[in-house]
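Subject: Handover of a structure and notes on its contents

Dear colleague,

Please find below the structure that I am handing over to you. My notes on what was found in it come directly afterwards.

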Amino acid sequence: MTASRSARERKAAAEAGPLAKVKIEVDEQDQLVYKVSCTECVARGSKAWSAYRPGGDNGYLAAMDRWTFHLHEKHPDAEAPCLAYLAAAQQRLHERREQG
Ligand SMILES: [Zn+2]
């Protein structure tokens, strides 16, 4: 469990790029909780931005989508592998809104 969690953490951190700080925790229901926070927004002294999403792969996707939007909106010059999926993330957001 611990090994796969740190492997997931490394994978997510690599995807999220250098501005992100990724942490995976386990909640009371034994679910993985993905937390992605922005090191640059923390450094500026403003309220730390972070995405916090429970759930295995769904949580990963949801947290990563939120992070991708944050990067795109607040740090347009930043580079991160996850930005390659911006269009897919926007599509997923759109689909969630249609369903909601
Ligand atoms: Zn930020």
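The notes below take the sheet, the zinc site, the salt bridges and the nonpolar core in turn. Please bear in mind throughout that this is a predicted model.

The sheet

The model contains an open sheet of three strands in the order 1-2-3, and the pairing is antiparallel. Strand 1 and strand 3 (50-54) are the edge strands; each has a single partner strand, so one side of each is left without a neighbour in the sheet. On average, and with direction ignored, neighbouring strands of this sheet are turned by 15° against each other. As general background, strands of a sheet pair through backbone hydrogen bonds, either parallel or antiparallel.

The pairing of strand 1 (residues 20-26) with strand 2 (residues 32-38) is antiparallel and comprises seven bridges. Two of the partnerships may help you to fix the register. Lysine 21 has serine 37 as its bridge partner in strand 2, and glutamate 25 has valine 33.

The hairpin formed by strand 1 and strand 2 has five residues between the strands. Aspartate 30 lies in this loop between strand 1 and strand 2. The phi angle of aspartate 30 is near 65°, which is a positive value in a residue other than glycine. With a relative accessible area of 62%, aspartate 30 is exposed, because residues over 50% are classed in that way.

The zinc site

Which protein atoms serve as donors of the zinc ion? They are Cys38 (SG), Cys41 (SG), His70 (NE2) and His75 (NE2), at 2.0 to 2.3 Å from the ion. The angles among the four donor atoms are 105 to 116°, and the site is tetrahedral. Along the chain, the donors follow the spacing C-x2-C-x28-H-x4-H. Cysteine 38, in strand 2, and histidine 75, in the loop between helix 3 (57-74) and helix 4 (86-99), are 37 residues apart, and this pair links distant parts of the chain. Both cysteine 38 and histidine 75 are buried.

Salt bridges

The count of salt bridges in the model comes to five. Two of them involve glutamate 25. One is with lysine 23, at 3.5 Å from N to O. The other is with lysine 35, where the closest N and O atoms are 3.6 Å apart. Glutamate 25 lies in strand 1 and lysine 35 in strand 2, so this salt bridge ties together parts that are 10 residues apart in sequence. The relative accessibility of glutamate 25 is 26%, and the residue therefore counts as partly exposed. Lysine 23 is likewise partly exposed, at 39%, and lysine 35 is partly exposed at 28%.

A further salt bridge joins arginine 92 to aspartate 65, with the closest N and O atoms 2.8 Å apart. Arginine 92 belongs to helix 4 and aspartate 65 to helix 3, so the pair ties together parts that are 27 residues apart in sequence. Arginine 92 is partly exposed, at 24% relative accessibility, whereas aspartate 65 is buried, at 3%. Returning to the strands, salt bridges that share partners join Lys23, Glu25 and Lys35 into one network.

The nonpolar core

The largest nonpolar core has 21 residues, of which Met64, Trp67 and Leu71 touch the most other members. Helix 1 (2-16), strand 1, strand 2 and helix 3 are the elements that give two or more residues to this core. Helix 3 provides the largest share, namely five residues. In general, nonpolar side chains tend to be buried together in soluble globular proteins.

Elements that recur

Two elements appear repeatedly in these notes. Strand 2 pairs with strand 1 through seven bridges, holds cysteine 38, and gives two or more residues to the largest nonpolar core. Helix 3 holds aspartate 65, the partner of arginine 92 in helix 4, and makes the largest contribution to that core.

With kind regards

How values were computed: Residues numbered from 1 in each chain as written. Predicted model: local features only at pLDDT ≥ 70, side-chain atom pairs only at ≥ 80, totals over all residues. Heavy atoms only, no water. Pairing = 2+ DSSP bridges. Helix = DSSP H or I, 4+ residues; strand = E, 2+ residues; numbered from the N terminus. Axes fitted to C-alpha atoms, helices over the stretch in contact; angles between N-to-C directions. Donors = N, O, S within 2.8 Å, 3.2 Å for Na, K, Ca; no water. Tetrahedral: all angles 85-135°; square planar, octahedral: opposite > 155°, others 65-115°. Buried < 20%, exposed > 50% of the residue type's maximum accessible area, 1.4 Å probe, protein only. Salt bridge = Lys/Arg side-chain N within 4 Å of Asp/Glu carboxyl O. Core = buried A, V, L, I, M, F, W, Y, C linked by side-chain atoms within 4.5 Å.
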